[in-house]
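Student: I am new to this structure and would like to go through its strands and helices. Can we take it step by step?

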Amino acid sequence: LMERPLRVALICHFSNPEVREKLPLSGCKIENYIRKILNKRNKQLFDYAPWVTNLIYEFEKRNDIEIHIISPHKNLKKFKYSFSYNNIHYHFFRPDDDILIIKIYRRFFNVKRPKYYHNRYLINQFLKDIKPDIVNLVGAENPYYSIAGLDISNLPLILTAQTVYTNPLREKHSGDVDRYRWDLELRIHKKIKYFCCNGLMHRNLVLRNNPEAMIFHFTFPFKHPQIIDNIAKKYDFVFFAAGVTKKKGVEDTIQALKLVKKEFPEVTLNIVGKCAADYRKFLDKMIEELQLKDNIEFTNYFIKQSDMHKHIQQAKYAVLPVKLDVISSTIIEAMILGFPVITYKTTGTPFLNKYGEAVLISEIDDVNSLAKNMLRVVKEPELVDRMLANSKVFIEREYDNKANMDKFVSIYNAVYKHYYNREPIPKELLFNPDEFPEYKKVNYYD
């Protein structure tokens, strides 16, 4: 048995204000000058992957595990930068797609499948210095760091799924598929033995790629956003996401609003999040054609996630009709913030109603049903009260951060013992599909 706590290296990507404060970051004067000439916006650093920040926040409270975070971060003045803070060891590197000469080279020679040798080399150097007992890759769908998973051998490697990119329905629901991301995720899935998934769909998609996979059930912890009491309500509905895209259901939300407007001409919707310029033009055209210009307001992505949480509380109800997620983090955030939530039936969302109807669910692409549910929350205050009470029960029981983190540490220990000592994995840690009803209508496994 080990005398010291297990040493885990987490390879991921994220950003938050605390980390940015401690990193030597550059103002990118040359690149911003070039961007100005090309009529592009200045580079800005935003919060992203808040579930990683929440995970770190929970690890800070523990002394039974030694955590090393390896992450790319843009605008770093140095190629590598390490520091320790609040019981966590951080190791950041400047990714090669943030180095101007490499960006120009890839653009000029139209490099579609970069090998990311620079990033892989730096990640490998960190791993040599850290000497971890276990490596935990968080997400396989972002090649610029996840490709390093292909280089790791002679160490137990766990993949914690943020999503599964190799989903046969991706093209239908998102409109495009990046073949490089698809192929790389497939290679990583085939190589790795241990996986953590939070929903049935992800589990089944992983098994489709790798029938030998050992899959654990794990839910990312949630840092409860601040609730502002008695905030003035400016909007009826809010749709929010880090990236406003087709797969998040923004087009369906706009179309449903048109139906709601027939009964409530003054209805308002706030769409919050980063939106690609071309897609924004497409949405603006749709809004104009549906005569909803006076009913919809866009708000750009907030640099700090906490500011976004404050802003969205100006709405009464949340419409989050996700199509590819199991249960999106935005739905959980909305439930914590006390929103009645209207969503689509994925392989995860019916689980939200485990203790009574907490969210209203429509079949994917059923805009009429989505609109009916939007009208229900407006017209039926007793329904809203019941939904909020059930949401509270669900969050308290299913999103117990301490219990989820105890389980995560148990998973690390079980993988260590299984890999090095051939000890069997305790059954209670493995993903039990019986806990999650399978919804045949949304068939991800053909």
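Tutor: Yes. This is a predicted model. To begin with one pair of strands, β5 (residues 134–138) and β6 (residues 157–160) are joined by four bridges and run in the parallel sense.

Student: Which residue of β6 is the bridge partner of Val135?

Tutor: Val135 belongs to the pairing of β5 with β6, which is parallel. Its bridge partner in β6 is Leu157.

Student: In what order do the strands of the open sheet with eight strands stand?

Tutor: The pairing in this sheet is mixed. One parallel pair is β5 with β6, while β3 and β4 (residues 88–93) run antiparallel and are joined by six bridges. From one strand to the next the twist averages 20 degrees. The order is β3-β4-β2-β1-β5-β6-β7-β8.

Student: Why is one side of β3 and of β8 left without a neighbour in the sheet?

Tutor: The sheet is open, and β3 comes at one end of the order and β8 at the other. β3 (80–85) and β8 (214–217) each have a single partner strand, so one side of each has no neighbour in the sheet; both stand at the edges.

Student: Which residue in the hairpin of β3 and β4 takes a positive phi?

Tutor: Six bridges hold β3 and β4 in an antiparallel pair, and one of the bridge pairs is Ser84 with His89 of β4. Two residues lie between the strands of the hairpin. The phi in question is near 50 degrees, and the residue is Asn86.

Student: At what angle to β7 does helix α9 run?

Tutor: Helix α9 (residues 200–209) lies across two strands, β7 (194–197) and β8. Its angle to β7 is about 155 degrees.

Student: Which are the edge strands of the sheet with six strands?

Tutor: This sheet is also open, with parallel pairing and the order β11-β10-β9-β12-β13-β14. Its neighbouring strands are turned by 25 degrees against each other on average, direction ignored. Strands that pair on one side only are the edges, and here they are β11 and β14 (359–362).

Student: Through which helix does the chain cross from β10 to β11?

Tutor: β10 (residues 269–274) and β11 (residues 296–299) run parallel and are joined by four bridges. In this pair Leu269 has Ile296 of β11 as its bridge partner, and Val272 stands opposite Thr299. The β-α-β crossover between the strands is right-handed, and the helix is α11 (residues 277–289).

Student: How are α3 and α16 placed relative to each other, and which residues make the contact?

Tutor: The axes of α3 (residues 50–59) and α16 (residues 401–421) come within 11 Å and cross at roughly 85 degrees. The two helices are therefore roughly perpendicular. By class, the contact has six nonpolar, one polar and one charged residues. They are Leu55, Glu58 and Phe59 of α3, with Asn401, Met405, Phe408, Val409 and Tyr412 of α16.

Student: What is the radius of gyration of the chain?

Tutor: The chain has 16 helices and 14 strands. For 446 residues the globule rule gives 22 Å, and the chain is close to that, so it is as compact as a globular protein of that length. Its C-alpha trace spans about 65 × 60 × 45 Å along the principal axes. The radius of gyration is 22 Å.

Methods. Residues numbered from 1 in each chain as written. Predicted model: local features only at pLDDT ≥ 70, side-chain atom pairs only at ≥ 80, totals over all residues. Heavy atoms only, no water. Axes fitted to C-alpha atoms, helices over the stretch in contact; angles between N-to-C directions. Parallel < 35°, antiparallel > 145°, perpendicular 65-115°, else oblique. Contact = heavy atoms within 4.5 Å. Nonpolar A, V, L, I, M, F, W, Y, C, P; charged D, E, K, R; others polar. Pairing = 2+ DSSP bridges. Right-handed = clockwise from strand over helix to strand, strands pointing away. Rg over C-alpha atoms; globule rule 2.2 N^0.38 Å.
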